Amino acid sequence: MALTLYVDTARWRAHHKHVQEQFPGLVPVCKGNGYGFGHERLAEEATRLGSDVLAVGTTYEAARIKDWFGGDLLVLTPYRRGEEPVPLPDRVIRSVSSIDGVYGLVGARVVIEVMSSMKRHGIGEQDLSQLHAAIENIRLEGFAIHLPLDRTDGSDAVEEVIGWMDRLRAARLPLHTMFVSHLKAEELIRLQQQFPQTRFRARIGTRLWLGDHEATEYRGAVLDVTRVAKGERFGYRQQKAASDGFLVVVAGGTSHGVGLEAPKALHGVMPRAKGVARAGLATVNRNLSPFVWGGKQRWFAEPPHMQVSILFVPADAPEPKVGEELVAHLRHTTTQFDRLMDR
């Protein structure tokens, strides 16, 4: 009995091809937990797409994925002097976001990240004059810019990239390749038309692997069902049942990522109000689980265990049966499945 990720493989791959057609020169991204699919599976899918480069998060990920992907590997985390050395093949390309980092990678293949409005990391405009000397001893694969997802100030992503292209060109730096993130297909076309001598390569992860929500589904198997009466005690903490119903033990616990949720940006009054309401219920041990039964998300009977969760299903709902599966609304990037099933 398992927490299973079901994949409609034909539909999933059709979406990959659609994204690839929208973004010529696409660089797939495979980082973290492999967007819920695992590194090995995404390396296989990137190979199927004919990708010549696969972007990974860290050198440790590159060391693992190198045996599954035969093309170049672009490490997105910038190099820092003093970092732990990880044995990597020459087909690994390092990102750099400082002049010191460039000097620290003599002979290496390098992509130089420029500082965007994200203000996370990158070479600043004031550093461009020092780059001429710095890049003499590296193999420059291009520049990169990582853009924000939301633009609440109404600014234009294309204009931000154009601004950097103009600065780099004014500094007489090579502009054969620019790696970009979080641009729309039509924005990429605008840039390619304005700078025909530069190859723009979109690094895409979420939109590529998770863009079709209907292509994947998590389900947890029912392991046990026990009837309880109102007032009857149960569980580790011996709480009282609030009403008659069923305690349903389902595959999927904290080791799978169930009950663990990444913070979300809330926009608008209603989402904020719902967040406050959920927090208030949590203070009295009322937490909504990701598992669905009888058309409703069901409440945790108690906090999830390591490998299973215990849900409370009221008596007026259908009784789950051992072996049935409950759909689970889980975030791919924080979930670890027991098995993946193609269908």
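Begin by selecting Trp 12, which counts as buried because its relative accessibility is 1%, where buried means under 20% relative accessible area, exposed over 50% and partly exposed in between, with a 1.4 Å probe and protein chains only. The model is a predicted one, in which local features need pLDDT of at least 70 and side-chain atom pairs count only at pLDDT 80 or more, while totals for chains, interfaces and linings use all residues. Residues are numbered from 1 along each chain as its sequence is written, and side-chain values use heavy atoms, with hydrogens and water left out.

The structure holds three aromatic pairs; rings of Phe, Tyr and Trp (its six-membered ring) pair if their centres lie within 6.5 Å, and planes under 30 degrees apart count as stacked, over 60 as edge-to-face and the rest as tilted. Add Trp 209 to the selection: its ring centre lies 6.2 Å from that of Trp 12 and the planes stand at 45°, so this pair is tilted. The two partners are 197 residues apart, with Trp 12 in helix α1 (residues 9–22) and Trp 209 in helix α8 (residues 206–210); helices are DSSP runs (H or I, at least four residues), numbered from the N terminus. Trp 209 is also buried, at 1% relative accessible area.

Now show Phe 37, which ring pairs link with Trp 12 and Trp 209 into a cluster.

Move next to Phe 195 and Phe 200, a tilted pair with 6.3 Å centre to centre and 55° between the planes. Phe 195 is buried at 6% relative accessible area, and Phe 200 is buried at 2%.

Finally, select Trp 164 and Arg 167: the arginine lies over the ring face, 4.9 Å from the ring centre, the criterion being CZ of Arg (or NZ of Lys) within 6 Å of the ring centre and within 35 degrees of the ring normal.

Notes: Helix = DSSP H or I, 4+ residues; strand = E, 2+ residues; numbered from the N terminus.
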